[in-house]
Amino acid sequence: MSQNPLLDIAKWKDRTGPRGIPSICSAHPLVIEASMLHALKDGNYLLIEATCNQVNQDGGYTGMTPADFRTFVEKIAANTGFPLEKLILGGDHLGPNPWKNLAASEAMEKARVMIAAFAKAGFTKLHLDTSMGCAGEPVALPDAITAERAANLAAVAEAAISGDNGIKPVYIIGTEVPIPGGAMEELETLEVTSPQAALETVNIHRQAFIDAGVEEAFSRAIGAVVQPGVEFGNHNVIPYVSEAARDLSATLADMPGFVFEAHSTDYQTQEALSSLVNDGFAILKVGPGLTFALREAFYGLDRIAAFLFPGQRKESLIEVIERVLTADPKNWEKYYHGTADEQRLQRHFSYSDRIRYYWPNPEITSAINALFTLLDGVEIPETLISQYLQGSYERVRDGKVRPYAHDLSIAAVDAVLDIYFKACRS
């Protein structure tokens, strides 16, 4: 049986090679393709994660079960030539969140079915998130209850792979981050997790795993989710300040074998991301920042197609997206506030990028296909790339990116990925 490649991540800082790893939290095929191409170029492992809302036994908002998601990702790997032995699949926020409107007993039973499905499908990095209250419970639960429920889910995952000779999963504990999907409001400042809280989280979970009879599984707990002081709202980004997290980082000396996992690192600078890795935040989660960049490319191509082929589409891509999102507001209306004009701005250009929930929509998929069909084989003039896809202009001029719609879409995502992979090497 092979060892999980993340099992010794706490020691990566003392060896040559990557000192951390980006966690790609997206189900968009072009984001996954771009990630594979970048990791293939670098020769690195690639960590791709699916959240509980995105992928679960009921299909999530992508319509995929964990087994479906694995098949989906492996097909992209086959097309890109990415070696499966370098692929790590993770499950994020695994717990009762998708069903928290139910009583705790019902929601946890659903969570047990879900984590068993993730484990059986070969996901080898599992983030246990049971911190949210269910029907009739407080919004946030005491650490003891959270740890007990997390250990229960770990026991289910271990039972699901009993007798399997595959790679055993590693576990991430702790949940000091916003709920899956991002912050609910505009943010100005964040309180960094206290060193005492981080240590207590690890110790309480250790005991809960022992009480649940899965002490061996806790030996594969490699990371704790804490708040390092990074987040983004709809229109602003809170940058990482290393000095503010100095005491928190120092607690890793008292947590042998552990690193910190940083959520919501989207839109941070490369310097900030490098500092996070240097400070022990060896797993950098990124998702909306990647689909935000992809959406920028799509909108640029939409404008280019409108100029090159006027009148050849009934609706532009942005018009289709606006129509679909206003007709079906359930994935954005709790997050976007203000006047009608302010909500319209946020629907398209918010950092939280809730358009990502709508990419599987048939009308939007059809509009993207129509856009790419219109631009198929078209060598886009450099001057239009300069006007509408400025981020790729220099690489097109230098011959590093071909001036075609698919290549330009991949390049937009790759530019963000490059920041993350470089930060993990620095």
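In this predicted model, Cys 134 has a relative accessibility of 4%, and because buried means under 20%, Cys 134 counts as buried. Cys 25 belongs with it in this respect, since its relative accessibility of 16% also makes it count as buried. A reader who sees cysteines may wish to know how many disulfides a search of the whole structure finds. The search finds zero disulfides, and the distances between sulfur atoms show how this looks for individual residues. For Cys 25, which is in no disulfide, the nearest cysteine sulfur is that of Cys 52, 12 Å away. Cys 134 is likewise in no disulfide, and its nearest cysteine sulfur, again that of Cys 52, is 12 Å away. Because a disulfide needs two cysteine sulfur atoms within 2.5 Å, a separation of 12 Å does not qualify for Cys 25 or for Cys 134.

From single residues we can turn to the packing of helices. Two packed helices are described by the angle between their axes and the distance between the axes. Helix 1, residues 29-42, and helix 15, residues 405-425, have axes that come within 8 Å and cross at roughly 50°, which means that helix 1 is oblique to helix 15. The crossing of these two helices is right-handed. On the side of helix 1, the residues that meet helix 15 include Leu 30, Val 31, Ala 34 and Leu 37, while those of helix 15 include Ile 410, Val 413, Leu 417 and Phe 421. Taken together, the residues of this contact divide into nine nonpolar, four polar and six charged.

A second pair is formed by helix 9, residues 288-308, and helix 12, residues 362-374, which pack at an angle of about 55° with their axes 10 Å apart. Helix 9 and helix 12 are therefore oblique to each other, and their crossing is left-handed. Helix 9 contributes Phe 298, Leu 301, Asp 302 and Ala 305 to the contact, whereas helix 12 contributes Ile 368, Leu 371, Phe 372 and Leu 374. Seven of these residues are nonpolar, none is polar and one is charged.

Helix 9 also holds Thr 291; is this residue buried or exposed? With a relative accessibility of 3%, Thr 291 counts as buried. Leaving aside its neighbours within four places in sequence, Thr 291 is in contact with Ser 26, His 28, Val 31, Asp 353, Arg 356 and Trp 359. Among these partners is Val 31, a residue of helix 1 that also takes part in the contact with helix 15.

Definitions and conventions:
Residues numbered from 1 in each chain as written. Predicted model: local features only at pLDDT ≥ 70, side-chain atom pairs only at ≥ 80, totals over all residues. Heavy atoms only, no water. Buried < 20%, exposed > 50% of the residue type's maximum accessible area, 1.4 Å probe, protein only. Axes fitted to C-alpha atoms, helices over the stretch in contact; angles between N-to-C directions. Helix = DSSP H or I, 4+ residues; strand = E, 2+ residues; numbered from the N terminus. Parallel < 35°, antiparallel > 145°, perpendicular 65-115°, else oblique. Left-handed = near helix turned anticlockwise from the far one by under 90°. Contact = heavy atoms within 4.5 Å. Nonpolar A, V, L, I, M, F, W, Y, C, P; charged D, E, K, R; others polar.
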